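User: I would like to go through this structure by question and answer. Please keep the reasoning short and end each reply on the item asked for.

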Amino acid sequence: MDLTFDFDQRIDRRGSGSYKWDANERLFGRADVLPFWVADMDFATPKPILDAIGIRVEHPVLGYEFRSESYFSVIQNWLRTRHQWDVPREWLMFCPPGSIPGIQAMVDVLSEPGDSIVAPTPTYGPLLRSAGQNGRRLIRNPLREVDGRFELDLDDLEAKLEPSTRLVMLCSPNNPVGKVFTSSELRGLAKLAESHDLIVVSDEVHCDLALPGHKHKPYGQVGGERSITIISPNKTFNTAGIPQATLVIPSAEIRAEFQKYLDLMQLNHDTTFGALGMIAAYSECGPWLDALISYMDANHRQAATYFSENCQSVSKVPAEATYLAWLDFRRTGFKQNEIMDRLVNLGGVGLYSGTDFGEEGDGFFRMNLACPSAMLQEGLEGIAKALK
Ligand SMILES: Cc1ncc(COP(=O)(O)O)c(C=O)c1O
C-alpha cells in the first residue's frame, strides 16, 4: 500500500517541535492531553511535496530565489481545474510569509486607523483581531443560526455599516463552523460591497476542503474589483511548516498599492521550500486530496454518529467543509471554563474553546478531526467521559 494514502497510520509527532503535540503543557496545563486543537493534520504531508524538498536539499546552497513561471501557471491551473476560476497571471500577488501577514497587509493598505472593519462571526482568531491590532474597530456580524446550520446575515451587516467602514473580512469556507457560503449569499455580499463602497477580503485557505455534496464558490468570481481572495496550500496539504499563500487581486489600483507595501517591507523573496512545496502540491497532489476528503467525510460522520448515540448533550453542527468540527455543548448546562476544565482534566482531550472565535462561540468547542479514525474515537470517548 502507498503509505502517503494511509490515513489510518498513527505517526508520533511528539518531540518534533509540533505546536499541536509539544505545546500542550503551556496551553492546557498538562502535557498528556490528546490534542484536537490547532488546525494541522496528523497525516503525513503528501509524498510529492516531501520528494521535491528532498531533491532540492541535495543542492547545498539555500540562497535567495526568484519565482519561476511554473509557479504562477500551477496556481492558475489549480484554480481553473478545482474551482472553475480563470484567473489572469497578473492578479496573482505574492503573500509572504503566509496568509495572516497578507490579511494584515490588506488592513494597512486599504484602511486608516479609526476606520471600521466588519467580520461575520464566529471566525478565525487572526481575522477577528486584524481590526483591533491595527487601530481599526471591529464590527461583529454574527452568522445567523437556522435549524442548527449557519448563514450570512446580510441585513444585520448592512444595518451595522458606518461611513468609516472600509472592509469586510470573510472566512470562506468558515472556520470554525465549517460552512460553505452559497452563491446567493456571496452575491448578496458583493451587492452590498458595491453599494456601500466596501472591499471584501475573503480568506479561502480552506477552499479545497469542501466535503462531498458541497461546492466552494470563490468570492473573487462574484466580487470583481472589490474582492481580494487569499488562497494557500497549507491547510489542504498539511504544509503549515513551510508557509505559502497567494492573494488574488483583480483591481490594478489595489495591486499597485500592495506592491508598494511589499517593496517597503522588503518582502520580495519566497521561502525556497514553501514555493517548491506549493508547486508539487498543486501539480501532483490532487489524488491525495480526493482521498483525504473521503477520509474526512468519514471522520465527520463518525463524530456525528458518536454524539447522537453516546453523548446527546453534545451535538455536531453539520459540516460542509474543512476538517474542523463545531461542537455545540449548550445543552450540557456547564459554563465554558467548566467544560474546558472537564475536557482537559477528566477527558484528557485538548479542544479549542469556541470563544477563541468570538463571543458567539460561547457554548461551542472546535475539534480538529484530521487524525486517524482510531485517535478520533479516543477523543470522542474522552469528551463523553468529561461530561459524565
Ligand atoms: C481561516 C484561516 N486563515 C488562515 C490561517 C493561517 O494559515 P497559515 O498559517 O497556513 O497561513 C488559518 C489557520 O488555521 C485559517 O484557519
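User: Is Pro122 buried or exposed?

Analyst: The model is a predicted one. Pro122 is found in the loop that joins β3 (116-121) to α6 (125-132). A residue counts as buried if 20 or more other C-beta atoms lie within 10 Å of its own. Pro122 has 28 other C-beta atoms within 10 Å, so Pro122 is buried.

User: Which residues does Pro122 touch, leaving aside those up to four places away in sequence?

Analyst: In space, the C-alpha atom of Pro122 is separated by 8.6 Å from that of Arg140, which is 18 residues away along the chain. With residues up to four places away in sequence not counted, the contacts of Pro122 are Pro176, Val177, Gly354, Phe357, Gly358, Glu360 and Gly361.

User: How is the protein divided into domains, and how far apart are the C-alpha centres of domain 1 and domain 2?

Analyst: Domain 1 consists of 3-46 + 286-386, and domain 2 of 61-283. Between their C-alpha centres the distance is 25 Å.

User: Which element gives the largest share of the side of domain 1 that touches domain 2?

Analyst: The contact takes 27 residues from domain 1 and 32 residues from domain 2. On the domain 1 side, α13 (286-310) and β12 (324-328) each supply at least two residues. That side divides into 15 nonpolar, 6 polar and 6 charged residues. The largest share, 5 residues, comes from α13.

User: Asp328 lies in strand β12; how many C-beta neighbours does Asp328 have inside 10 Å, and what does Asp328 count as?

Analyst: Asp328 touches Val314, Ser315, Val317, Gly363 and Phe364, not counting residues up to four places away in sequence. Asp328 and Ser195 are 133 residues apart in sequence, and their C-alpha atoms are 36 Å apart in space. A residue is buried at 20 or more neighbours and exposed at 12 or fewer. Asp328 has 18 C-beta neighbours inside 10 Å and therefore counts as partly exposed.

User: Which helix gives the most to the largest nonpolar core?

Analyst: The largest nonpolar core has 105 residues, and Val168, Val200, Val201 and Leu369 have the most contacts inside it. This core draws at least three residues from each of domain 1 and domain 2. With 7 residues, the helix that gives the most to this core is α12 (residues 272-284).

User: Which residues does Val168 touch, leaving aside those up to four places away in sequence?

Analyst: Val168 is among the residues with the most contacts inside the largest nonpolar core. Not counting residues up to four places away in sequence, Val168 touches Val118, Leu189, Ala193, Leu198 and Val200.

User: Why do the buried residues of α14 line one face of the helix?

Analyst: In α14 (residues 336-347), the buried residues are Ile339, Leu343, Val344 and Gly347. They line one face because, seen down the axis of α14, they fall within an arc of 125°. On the other side of α14, Asn337 and Glu338 are exposed. The elements packed against the buried residues of α14 are α2 (24-28), β13 (349-350), β15 (364-368) and α15 (373-386).

User: Which residue follows α14, and what is its phi?

Analyst: The residue after α14 is Gly348. Its phi is positive, near 70°.

User: How many residues surround the ligand, and which are the closest?

Analyst: The shell around the ligand divides into 8 nonpolar, 6 polar and 1 charged. In number, 15 residues surround the ligand, and the closest are Ala39, Gly98, Ser99, Tyr124 and Asn234.

Methods
Residues are numbered from 1 along each chain as its sequence is written. This is a predicted model: local features need pLDDT of at least 70, side-chain atom pairs count only at pLDDT 80 or more; totals for chains, interfaces and linings use all residues. A nonpolar core is a set of buried Ala, Val, Leu, Ile, Met, Phe, Trp, Tyr and Cys residues joined through C-beta atoms within 7 Å. Helices (H or I, at least four residues) and strands (E, at least two) are DSSP runs, numbered from the N terminus. Domain bounds come from an automatic or database domain assignment. Two residues are in contact if their C-beta atoms, placed from the backbone, lie within 7 Å. The arc is that of the directions from the helix axis to the C-beta atoms. A residue is near a molecule or strand if its C-beta atom, placed from the backbone, lies within 6 Å of it. Ala, Val, Leu, Ile, Met, Phe, Trp, Tyr, Cys and Pro count as nonpolar, Asp, Glu, Lys and Arg as charged, and the others, Gly among them, as polar.
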